[in-house]
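Student: Could you take me through one part of this model up close? I'd like to look at a single strand and its partners, and then at the odd spots in the backbone and the cysteines.

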Amino acid sequence: MSTPPFPGPGLPSAGRRTGPSTAAHGGTPAAGAVPPPGCPAHAAGAARLYGPEASADPMGLYERLRAEHGAIAPVLLEGGVPAWLLLGYDEILQVARNPRRFARDTRLWRDWREGRIPDDSPLAPVLAWRPDCISQDGREHLRLRGAVKDSLERFDRRAIRRAVHRRAHRLVDAFAGAGQAELVGQFALTLPMMVLTDLYGLPEEEGTQLVAASRQLVGGTRKALEADRHIHQILGRLVAAKHLSPGPDLASWLIEHEAALSDDEVRQHLRLVLVLAHEATTNLMVNTLRMVLTDPRFRGTLNGGRMTIPAAVEQILWDEPPLTVLPARFPRYDMEIAGREIREGDLLLLGLAAGNADPATGRTTGQEMHGNRSHLSFNSGPHECPGQDIGRAVTGSGIDTLIARLPDLRLAVPEEELTWTSSSWSRRLDALPVRFTPRHDRNPFARPPAGGRRPGTGAGAGTPDGAATPGGAATPDGAARTEPGRGPARLWRRLRGRVQPG
């Protein structure tokens, strides 16, 4: 069965309210659910992290909060749920790097314990306790994170880049002859998930469903719980299939890791990597593409060779983090942060975008950082993202392929007509329409015509289309690989619709 939205082991649910949320969307506490004194909802100037203002100008919102409240400000999440948003670079590092004072365990959240968060809250898929590494601290966190980190490190990075190039060429093939495209839907949303299906050993047809479900989950909509259940169903079938037919993929490696993860733990970590990696990589790719197309510094230097695409990606990680806000930390006791009295169990959010722009760091927004990686975009401390280099590789290689195929790529509408949608956690560009000279260049990874053969595609050349698979040389026994995602289709069809996660 699927994991319940909020109640985790050790969390009593007796007497919990399951009616309206803590507050209406306007921020007024719901009847019978008035936050206690000292709660951030009572603080003057609590701002929503979602809605029109956050979508239109999130950095302006953060700077207004910084001017009014300093390094930590009271905010409201979807449903009027109160929290504290950390805006200061140093304050974020202090919280992120000190698990003895600031726990990651959602079961310590006081508003949840005292019945002010409904069981069906759209925040549940993001803030719920789960048996995964980001919900744990201490030894259990080390055990679970170690399994994820070790498994991700088994992938050969050069082979991942080759797989990205191959997948990106296939996507460009679909629109290169048209002279126009919409790069969010036709490229940036799809490419990361295609690569993830390779890394997971998933059948390719599951990728489209996972793209839609992942975006709903992070978006904080009422469809988030349904999307989360759908992701669990697909991944539950995957774990069952990999027990019967393991391969050179993340699911199989998590199952066989010496940390001895349960099937539920394997499934939860596959979900965690899937959702965070897809959301972060898609947003990073879109933000970088928009900058390349609209900012003279980037467009000119990329074409002129004075700045590499990896350097441009790093600049975007400073100026437009793919996740603007990261949940969550919970103080283990009452304390003061940046002059504010914070209570034990309050919800603390890490304002990654605001921290990167903190004037106390001495930098200004947009200032070129020349590859400096001291930004907060991948978190810091024990919970720093273990897959960040894969995300960089997918983003950089994907954009490199797109620009190589369509060198005169240009924005099809005025920049001021671009629109965004925001949740509490990220800001997404709705569409990125482009034009270019129609091209019919040969895709170097395209299958040869029937009866023909390109050089290097003979026996032993790798996958059917001549591209290396993401696992590269990491096969433990040195045996020839089969392409992830093309695994035992007959077994998958037998499990589909019959095996439920449990």
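Tutor: Let's start with the surface: in this predicted model, the protein has an accessible surface of about 20100 Å², and carbon and sulfur atoms account for 53% of that. Of its 502 residues, 57% count as buried. The fold has 18 helices and 13 strands. If you take the contacts between residues at least 6 apart in sequence, 74% of them join residues at least 24 apart.

Now for the close look, and I'd pick strand S2, residues 72-77. S2 is mostly covered, with six of its six residues buried. Side chains in a regular strand alternate between the two faces of the sheet. For S2, that puts Ile72, Pro74 and Leu76 on one side and Ala73, Val75 and Leu77 on the other, and they are all buried, so both faces are covered.

What does S2 pair with? Strand S1 (residues 47-48) runs parallel to S2 and is joined to it by two bridges. Here Arg48 is the residue standing opposite Leu76. Strand S3 (residues 81-86) pairs with S2 in the antiparallel sense, over six bridges. In that pairing you'll find Ala73 opposite Leu85. S2 and S3 form a hairpin with three residues between the strands, and there Gly79 takes a positive phi near 85°.

That brings us to the backbone oddities. Most residues other than glycine have a negative phi, and most peptide bonds are trans. With that in mind, have a look at Ala338, which is not a glycine but has a positive phi of about 50°. Ala338 sits in the loop between strand S7 (335-337) and strand S8 (340-342), and with a relative accessible area of 41% it is partly exposed. Asn379 is another non-glycine residue with a positive phi, near 70°. You'll find Asn379 in the loop between helix H16 (352-356) and helix H17 (388-405). Is Asn379 buried or exposed? At 9% relative accessibility, Asn379 counts as buried.

For the peptide bonds, go to Pro327 and Ala328: the bond joining them is cis, with omega about -25°. Ala328 belongs to strand S6, residues 326-331.

While you're looking at loops, stop at Ala174 too. Ala174 lies in the loop between helix H7 (157-173) and strand S5 (180-182), and at 67% relative accessibility it counts as exposed. The C-alpha atoms of Ala174 and Gln186 are 8.6 Å apart, with the two residues 12 apart along the chain.

Last, the cysteines. How many disulfides does the structure hold? It holds zero. Cys133 is in no disulfide, and its nearest cysteine sulfur, that of Cys385, is 9.8 Å away. A disulfide needs the two sulfur atoms within 2.5 Å, so this pair doesn't qualify. Cys385 is likewise in no disulfide, with the sulfur of Cys133 as its nearest cysteine sulfur. As for their surroundings, Cys133 counts as buried at 8% relative accessibility, while Cys385, at 29%, counts as partly exposed.

Note on methods. Residues are numbered from 1 along each chain as its sequence is written. This is a predicted model: local features need pLDDT of at least 70, side-chain atom pairs count only at pLDDT 80 or more; totals for chains, interfaces and linings use all residues. Side-chain values use heavy atoms; hydrogens and water are left out. Buried means under 20% relative accessible area, exposed over 50%, partly exposed in between (1.4 Å probe, protein chains only). Helices (H or I, at least four residues) and strands (E, at least two) are DSSP runs, numbered from the N terminus. Contact means heavy atoms within 4.5 Å. Accessible areas come from the Shrake-Rupley method with a 1.4 Å probe; for residues, only the protein chains shown count as cover. Two strands pair if DSSP finds at least two bridges between them.
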